[in-house]
Amino acid sequence: MILFDRVTKEYPRSTRPALSEVTVEIRRGEFVYVVGKSGSGKSTLLRLVLQEDRPTSGSVLVAGRDVGRLPSRKVPLLRRGIGTVFQDFRLLPNKTVDANVAFALQVLGKPRSMIRQVVPETLEMVGLEGKGKRMPHQLSGGEQQRVAIARAVVNKPPILLADEPTGNLDPSTSREILAVLQRINEGGTTIVMATHDDEIVNHLRRRVIELQDGRLVRDEALGSYVAPPPSTDTDPFLDLGVPVLRADEQS
Amino acid sequence: MRLTFLLGETTNGLRRNVSMTVSVVLVTMISMYLLGLGLLGQRQVDTMKDYWYDRVQVSIFLCVDKSIYPACAGTVTTDAQRAQIRSQLDSMKPPVKEYFYESQDEAFARFKEQFKNSPLGTQATKRAFADSFRVSLTDASKFDVIASSFQGAPGVGKVQDQKQLLNRFFSFMNVVSWSAIALAILMVVCVVLLMATTIRQTAFSRRRETGIMRLVGASNFTIQVPFVLETLIASLLGSVLGVGLLWATVRYGVSGYLSTEMLDTAFIGMADVWAIAPIVVGGIAVLAVCTSAVTLRRYLRV
């Protein structure tokens with residue numbers, strides 16, 4: 001699903017690269033932790049998938065397409081297939097929970113009838129049924145993060161990126177958030193979660209990728225990976241153009 | 001669906017940003033009013049030219065007793081010379097359209113009548129006037145033909161073109177209206193800078209929204225349209241108000257006052273306001289869209 005091929009990212013005015021020769025493949029339906037200290041390159045990895053940045057060298061492939069070569073007008077199409085969650089939730093403070101989740105569909109021009117149906121379903125899935133009329137400041141941190149997750153997955157993206165989603169939460173709330181993510185993963189969504197919370201990693205054992213100073217130093221599968229049945233949905237990245245399949249992805 | 005959403009976002013934006021919107025509206029209104037005044041001034045000059053050039057005459061002043069014209073050299077025009085000028089004028093149709101003869105006494109009386117309310121009327125002496133042929137031309141620009149035929153001819157004191165007197169007045173009006181246009185251009189620069197600043201400030205205060213829009217894959221169009229629409233609406237409102245001010249100025253200032261006070265000249269009317277309104281409103285619309293496009297390209301990351 002996501003393939004990093006000898007990816008190096010250097011930021012100007014920085015002594016060492018943020019990522020250095022990273023090669024890693026994340027398969028469809030996997031749940032992957034990206035761990036490492038602050039500044040080890042976790043966020044850069046996620047930014048490259050989203051095309052917030054382009055790699056200095058090497059290539060990042062999402063669903064077989066080299067996103068570094070994507071023309072800028074197609075970048076929005078890429079991002080529609082990727083949900084994103086952050087440590088600081090990034091909710092709109094002047095909109096209700098319902099409106100925050102609906103916003104993600106409205107800006108894509110989805111029909112009102114579809115929004116009215118999908119938003120409550122998604123809120124129910126993240127455990128926020130009946131809280132649609134609340135404002136973000138009336139919710140706890142864990143509930144706000146659930147809203148952010150609902151917004152990220154309401155468009156049913158095949159990939160969910162989470163950048164320290166439990167960083168602002170206490171351990172028990174973190175485990176609840178993790179359970180929500182696990183449920184989403186069981187629905188077939190590929191999840192890449194950057195974290196430096198060892199307790200989380202030990203609580204739900206999954207594949208762990210560790211970065212240190214921009215280098216990949218560990219990649220081990222701690223849980224079982226079961227490939228999901230082939231999706232019958234149409235390829236959500238279809239609009240990006242014909243995929244360039246690589247030999248190791250064709251199997 | 002997306003249209004209602006975009007319009008909703010735009011109205012929200014305008015409401016949350018009232019003071020900046022009002023400033024854009026007012027500055028646009030004033031600059032468009034000035035620009036409109038300048039353009040109307042130009043049209044007023046053209047209107048008056050059309051009106052006066054049809055009426056201006058070339059005066060051929062003759063020599064009278066104690067004439068003020070050096071060309072007379074103390075002589076007085078004889079009847080034979082008068083008849084000679086008359087037949088020459090008759091033979092020059094066109095460019096001569098018609099002419100009439102005005103004696104020194106008639107000219108003096110006409111002047112005293114015209115300026116009876118002014119000290120000029122009582123102070124004037126008969127000596128400043130002369131017998132003259134008043135010649136109207138088929139084409140006001142053909143003055144040179146008359147001048148070359150009669151300047152220096154026996155019995156002629158001076159050939160004078162009224163158009164030259166008018167031209168001084170018209171060039172003065174031109175300077176005034178061009179100054180208004182120059183001021184208006186400065187104001188338009190202010191408008192553009194203000195629009196750009198407003199967009200920058202709005203883009204900054206809405207970076208959270210636009211960030212989320214980017215993240216969920218909204219197109220550049222969806223992200224930018226509310227900003228463009230807000231600028232467009234504010235500036236269109238301002239320019240329409242500016243046209244309203246122009247309308248009021250012409251309706252009550254020119255048609256309602258000047259035209260009734262000064263019956264012997266032509267003034268611009270409502271038709272002239274409607275003629276420049278599309279230029280003013282359309283111009284500002286183009287300006288608003290261009291300014292927001294350029295500013296968004298620089299300050300709104302997509």
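How many residues of chain A are in contact with chain B, and how many of chain B with chain A? In this model, which I should say at once is a predicted one, 25 residues of chain A are in contact with 19 residues of chain B. Put together, the two chains bury about 1,900 Å² between them, and 59% of that area lies on carbon and sulfur atoms. On the chain A side, the residues that lose the most area to chain B are Arg79(A), Phe103(A) and Val107(A), which together account for 28% of what that side buries. Two salt bridges are counted between chain A and chain B, and Lys95(A) forms a salt bridge with Glu9(B), with the closest N and O atoms 3.6 Å apart.

Let me turn to the nonpolar cores. The largest has 56 residues, and Val107(A) is among the members that touch the most others, as are Phe31(A), Tyr33(A) and Leu181(A). Leaving aside residues up to four places away in sequence, Leu181(A) touches Phe31(A), Ile149(A), Leu160(A), Pro165(A), Ile191(A) and Met193(A). A second, separate core of 32 residues includes Met1(A), Leu48(A) and Val192(A), together with Leu215(B) from the other chain.

Finally, the sheet in chain A. Four strands form an open sheet in the order S2-S1-S4-S5, with antiparallel pairing. Because S2, residues 19-26, and S5, residues 65-66, each have a single partner strand, they stand at the edges, and one side of each is left without a neighbour in the sheet. Strand S1(A), residues 2-9, pairs with S2(A) over five bridges, and within that pairing Ile2(A) has Ile26(A) as its bridge partner. Helix H1 of chain A, residues 42-49, lies across S1, S2 and S4, running at about 120° to S1(A).

How values were computed: Residues numbered from 1 in each chain as written. Chains lettered and ligands numbered in written order. Predicted model: local features only at pLDDT ≥ 70, side-chain atom pairs only at ≥ 80, totals over all residues. Heavy atoms only, no water. Core = buried A, V, L, I, M, F, W, Y, C linked by side-chain atoms within 4.5 Å. Buried < 20%, exposed > 50% of the residue type's maximum accessible area, 1.4 Å probe, protein only. Contact = heavy atoms within 4.5 Å. Pairing = 2+ DSSP bridges. Helix = DSSP H or I, 4+ residues; strand = E, 2+ residues; numbered from the N terminus. Axes fitted to C-alpha atoms, helices over the stretch in contact; angles between N-to-C directions. Buried area = accessible area lost by both parts, 1.4 Å probe. Salt bridge = Lys/Arg side-chain N within 4 Å of Asp/Glu carboxyl O.
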